[in-house]
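Open the model in your viewer and keep the selection panel at hand. Each stop below tells you what to select and what is there.

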Amino acid sequence: MSAAASETTPAPHWQPGGRAALAELLARDWDLLIIGGGITGAGILLEASRRGLKALLVEQRDFAWGTSSRSSKLVHGGLRYLKEGKFSLTRESVHERESLLREAAGLVEPQSFAFGDYEGRKPGRRAFLAGLAIYDYMAGQRARHYYPRAEFLAIAPHISTEGLRGGMCYSDAKTDDARLVMRVVQEAQSLGGTAFNYLCVQSLLRSADGKVCGARLLDAPTGAAHEVRARVVVSATGAWADALRASGGKRLRPLRGSHLVLPAWRLPLAQAVSLMHPADGRPVFAFPWEGVTLAGTTDVDHSEDMNFEAAITRGEVDYLMAALRSQFPELDLQESDILATYAGVRPVIDSGQADPSKETREHALWLEDGLLTVTGGKLTTFRVIALDALRAAAPMLPGWHADLAPQSIFASTAALRRGQGLPAGQAERLQGRYGASAQALIGCAHEGELDLIPGTASIWAQLRWAARHESVQRLEDLLLRRLRIGLQLRAGGAAILPRARAICQPELGWDDARWDAEQAAYLALLNTHYSLPA
């Protein structure tokens, strides 16, 4: 399917009822079976599809359900890696950040960071500015970074002034991580890739010589079982990778990163503010995102059952609130200000470090009994990771020869037509999130659906489009990942659920009993995993 065709005709197996064709699709001969629907799996699907491979991606929950919807939302070069001497990792990350800023404008956006220069704080001014000079050099940029006290307070108001001498500013980027995954998956589909959510691997299939050659899958919505065979099976399951590996012992150290979401009016920031936690000196940040303010992150060992969704703990809430109160004392922030919380589990390679924050963030590939595991790494470098995975898979794909040099991440698309009644800034925003389908999304809007959903940066038509075209199987898919209403609005957007129901229930084909059950499950999930701990 061409990119132009995808503008008006999204992949047919994502239409309502499209899973009826599931058995026929899964029975095909596949070059690549990719297990895992986060950013790593999505990136591999895209790069494989554009190089002519018949690639299938399956995800046991929803696309981006795991780490890739619960990250810190940053597309960054990894300034702190310079301190550790990891220049190649930083250079690689900076290059990928710049590519995403160019090719996914409206989805990946510049974000300036401010870091106060306080007496006795480490890193000191000289070391920090030296690192920023290298950072600029890698990005081919040059900018002013240091501001004296008065200027810095104008840039970052409300911060603590005790011992403040001035401050540094530098630029990185941010994104809606779940929407980035969806954009990558949809780009892959326009190139012939196939992707299904809620297809769980029950077991791996093996050939007579014991090599992995496929998987037995369970379709969660119907309970039907399917067997899929492929020339190469790739595990892109992130922090869950050890559970699928059959040999080699434990290699991952799951680390939990938790975040607080506050109203922008309670923690008003134009710049992101980076700070060192007063208790342990770890970097913590707060920055504006999607009409709210995010604060994070923690970095602690996650010892809970990986079959269950991660959630913030009382200790992590206290830790993050202590950082915010220390940095913004005049705002008198309280727990009652918190709109939502979320926690993600990072797939970090275990090197035995006592301090979790010192573990490497580089990615790794292991080929064991025919199963290619790809894990670790960062959101920013998903294209690099995907191309490394294809290089590792190439010897198992005789007859396939492709240029694995980086190509444009997304195909260029025609600009949206103007004068369509969109709120300011929405044209670029929709183009970044939906690519060639953005014009069709606007075209599907009913009266009043180009208006903003109050308290968010999204329009009502995005709900209709997601319900119609984006493989929504659960209400949480719609409100936590296709849109981010569950994080942006108090009580997960309970106040707008009646209108959301009027728009989406007919598109999803759910009867009243199904909607009521989904709504109850969604609100219960918010209470247990996206709110303050009891």
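**Stop 1: helix α15**

Select α15. This helix is mostly covered, with eight of its eight residues buried. Note before going on that the model is predicted. The buried residues are Leu475, Glu476, Asp477, Leu478, Leu479, Leu480, Arg481 and Arg482.

What do they pack against? Show α8 (177-190), β7 (194-197), α14, α16 (485-488), α17 (497-508) and α18 (512-529): the buried residues of α15 pack against these elements.

Now color the charged side chains. Asp62, Glu476, Asp477, Arg481 and Arg482 are joined into one network by salt bridges that share partners. Glu476, Asp477, Arg481 and Arg482 are also among the buried residues of α15.

Next, step back to Ser471. Ser471 sits in the loop between α14 (460-469) and α15 (475-482). Its phi is positive, about 55 degrees, although Ser471 is not a glycine. Most residues other than glycine have a negative phi. Is Ser471 buried or exposed? Ser471 has 9% relative accessibility, so it counts as buried.

**Stop 2: the nonpolar cores**

Select Leu463, Leu478, Leu479, Ile485 and Cys504. The largest nonpolar core has 51 residues, and these five touch the most other members. Two of them, Leu478 and Leu479, you have already met among the buried residues of α15.

Center on Leu463 and show its contacts. Leaving aside residues up to four places away in sequence, Leu463 touches Ile453, Leu478, Leu479, Leu483, Ile485, Ala500, Ile503 and Cys504. Another core, of 46 residues, lies apart from this one. To find it, select Leu46, Leu53, Ala173 and Leu372, which are among its members.

**Stop 3: Ile39**

Move to Ile39, in helix α3 (residues 39-49). Ile39 has a relative accessible area of 6%, so it is buried.

Which residues does Ile39 touch? Not counting residues up to four places away in sequence, the contacts are Ser68, Leu180, Val181, Val184, Leu379 and Phe382. Add Phe63 and draw a C-alpha to C-alpha distance from Ile39. The two are 8.8 Å apart in space and 24 residues apart in sequence.

**Stop 4: helix α11**

Follow the contact from Ile39 to Phe382. Phe382 is one of the buried residues of α11. Helix α11 (residues 382-393) has 12 residues. From its first C-alpha to its last, α11 reaches 16 Å, close to the 16 Å expected at 1.5 Å a residue.

How many of the 12 residues of α11 are buried? Nine are, so the helix is largely enclosed by the rest of the structure. Select Phe382, Arg383, Val384, Ile385, Ala386, Leu387, Ala389, Leu390 and Ala393 to see the buried ones.

**Stop 5: salt bridges**

Side chains of opposite charge can pair when their charged atoms come close. A search of the whole structure finds 37 salt bridges.

Select Asp172 and Arg97. Their side chains meet in a salt bridge, 2.7 Å from N to O. Asp172 belongs to strand β6 (residues 164-175) and Arg97 to helix α5 (residues 87-103); the pair links distant parts of the chain, 75 residues apart. Both Asp172 and Arg97 are buried.

Now go to Arg245 and show both of these acidic partners:

- Asp242 forms a salt bridge with Arg245, with the closest N and O atoms 2.6 Å apart.
- Glu368 also forms one with Arg245, the closest N and O atoms being 2.8 Å apart.

Why does the pair of Arg245 and Glu368 tie together parts that are 123 residues apart in sequence? Arg245 lies in the loop between α9 (241-244) and β11 (252-263), while Glu368 is in strand β17 (residues 363-368).

Compare burial here. Asp242 counts as partly exposed because its relative accessibility is 21%, and the cut-off for buried is under 20%. Arg245 is at 8% and therefore counts as buried. Glu368 is buried too.

**Stop 6: backbone details**

Select Asp369, in the loop between β17 and β18 (371-376). Phi of Asp369 is near 55 degrees, a positive value in a residue other than glycine. With 34% relative accessibility, Asp369 counts as partly exposed.

End at Gly296 and Thr297. The peptide bond from Gly296 to Thr297 is cis, with omega near 0 degrees. Most peptide bonds are trans. Thr297 is in the loop between β14 (292-296) and β15 (300-301).

Notes: Residues numbered from 1 in each chain as written. Predicted model: local features only at pLDDT ≥ 70, side-chain atom pairs only at ≥ 80, totals over all residues. Heavy atoms only, no water. Salt bridge = Lys/Arg side-chain N within 4 Å of Asp/Glu carboxyl O. Helix = DSSP H or I, 4+ residues; strand = E, 2+ residues; numbered from the N terminus. Buried < 20%, exposed > 50% of the residue type's maximum accessible area, 1.4 Å probe, protein only. Expected span 1.5 Å × (residues − 1). Core = buried A, V, L, I, M, F, W, Y, C linked by side-chain atoms within 4.5 Å. Contact = heavy atoms within 4.5 Å.
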